[in-house]
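Okay, thanks everyone. I'll talk you through a helix pair and then a sheet, so let's put the structure up.

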Amino acid sequence: MDLSPFFEAVDFDRIGFPNGKYDAAQLVGNVCFFDPEGSVDLEGVEFAILGVPESRNAVNNSSCSMAPDEIRSQFYRLYCWDKPVKILDLGNLILGETVEDTYQVLSDILSYLIENKIIPIIMGGSNDLAYANYRAYEKLEQLVNIVAVDARFDLGNEEGEIRSDCYLNKIVLQEPNYLLNYANIGYQTYMNSPESIHLMNQLHFETYRVGMMRQEMEEVEAIVRNAEMMSIDISAVRRPDAPGNPNASSNGFYGEEICQVARFAGVSDKLSSIGIYEYDPTLDSGFQTAQLIGHVLWYFIEGYLNRQGDIFFKDRNMYIRYSVPVSESIDEMEFYFSKKTGRWWVVVPVINIKKDLEQRYFLPCSKKDYETACKDKIPDRWWRAYHKLNR
């Protein structure tokens with residue numbers, strides 16, 4: 001696939017690096033940039049950055065179309081990691097005549113990158129672009145677990161049009177459906193109707209309030225480790241830390257916490273795409289939000305550089321197996337503990353084999369889940385996965 005016709009190259013004057021003035025150790029001097037005069041070389045590329053200035057379906061946030069270059073101006077000022085990594089900045093996507101055209105071409109590009117083992121980093125733009133990200137996995141006919149960092153569920157309804165605050169229902173109802181699981185971390189109860197919270201429970205989706213995440217960050221690691229795709233709505237961060245969003249509130253994640261979540265995503269061996277959305281530069285005092293997003297991206301890549309590859313269970317000697325008898329409906333639960341990383345998995349049986357699932361699904365979990373099973377109780381995480389896999 002020739003990516004050249006779809007992108008506008010980065011304007012270095014616009015992102016604050018006129019005449020190539022920068023420190024050699026800064027990211028701007030260590031990233032490959034799309035050359036409009038030549039073809040796009042993907043050889044050895046591990047990350048592809050895509051600016052998507054699409055905001056036609058944004059709700060109360062049309063200026064988020066200006067976000068990609070403002071994020072670049074802060075991200076590229078940061079310094080490199082102590083390990084080599086090849087990053088390609090494709091520039092900004094040339095938008096389609098309609099929003100649907102943008103979704104179509106974006107999903108085509110993302111599926112091409114994912115298929116070639118390149119992790120796309122999508123800099124939106126509005127949150128509905130997560131729908132196009134999901135469609136990329138659909139094109140690959142690949143089951144996908146999604147983690148959304150968002151204060152709201154963005155459910156919408158069956159008849160409504162896709163908007164930044166209502167796209168999830170379109171994913172859930174898509175046929176054929178490749179959504180295996182959806183997890184929301186950081187939701188705030190008073191920003192979601194009781195009906196939507198009830199529906200999320202009915203669908204056996206995972207939902208975690210921001211207060212719970214703050215108390216148990218270990219649980220966040222297990223949730224993210226199960227995901228192929230992550231979307232971050234910057235309004236999930238509290239306004240004092242990220243003022244560049246008209247829908248942010250005084251509560252939410254702290255800046256350090258969202259960076260920790262991003263690092264968990266990077267360390268996850270499964271995660272193959274990430275997008276960050278809803279940043280409005282016109283509201284951003286002192287580029288504070290752009291700086292934070294730059295830090296989020298930095299920590300995501302730093303996490304990737306520390307991946308351990310322990311999800312593949314190639315060497316069973318690197319794991320300790322625990323068999324825990326549980327009297328509630330099943331005979332025993334099977335847990336695995338990685339001696340290399342200290343991470344946990346629990347086995348979920350799959351009775352009705354579907355698509356590319358095996359009969360035993362290794363679900364990332366936490367030590368807390370193991371301790372719950374030792375108390376003769378089935379962990380909620382296991383129950384939700386069992387119902388999802390065997391419905």
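Quick bit of vocabulary before we start: a crossing is right-handed if the near helix is turned clockwise from the far one by less than a right angle, and left-handed if it's turned anticlockwise. And keep in mind that this is a predicted model.

So, the helices. H1, residues 67-75, passes H9 in a right-handed crossing. H9 is residues 288-304, and the two pack at an angle of about 65°, with their axes 8 Å apart. Angles from 65 to 115 degrees count as roughly perpendicular, so that's what we call H1 and H9.

Who's touching whom? From H1 we have Glu 70, Ile 71, Gln 74 and Phe 75, and on the H9 side they meet residues including Ile 293, Leu 297, Trp 298 and Ile 301. By class, the H1 contact with H9 comes to 7 nonpolar, 3 polar and 1 charged residues.

Now over to the sheet. It's an open one with 4 strands, ordered S11-S12-S13-S14, and the pairing is antiparallel. S11 (319-325) and S14 (360-365) are the edge strands; each has a single partner, so one side of each has no neighbour in the sheet. From one strand to the next, the twist averages 30°.

Zooming in on S11, its antiparallel pairing with S12, residues 332-338, runs over 7 bridges. One spot to find on screen: Ile 320 sits opposite Phe 337 in S12.

What packs on this sheet? Helix H7, residues 217-225, does, touching S13 (344-349) and S14, and its direction makes about 145° with that of S14. Then there's H11, residues 380-389, which lies across S12, S13 and S14 and runs at about 40° to S13.

How values were computed
Residues are numbered from 1 along each chain as its sequence is written. This is a predicted model: local features need pLDDT of at least 70, side-chain atom pairs count only at pLDDT 80 or more; totals for chains, interfaces and linings use all residues. Side-chain values use heavy atoms; hydrogens and water are left out. Axes are lines fitted to C-alpha atoms, for helices over the stretch in contact, and angles run from 0 to 180 degrees between N-to-C directions. Angles under 35 degrees count as roughly parallel, over 145 as roughly antiparallel, 65 to 115 as roughly perpendicular and the rest as oblique. Contact means heavy atoms within 4.5 Å. Ala, Val, Leu, Ile, Met, Phe, Trp, Tyr, Cys and Pro count as nonpolar, Asp, Glu, Lys and Arg as charged, and the others, Gly among them, as polar. Two strands pair if DSSP finds at least two bridges between them.
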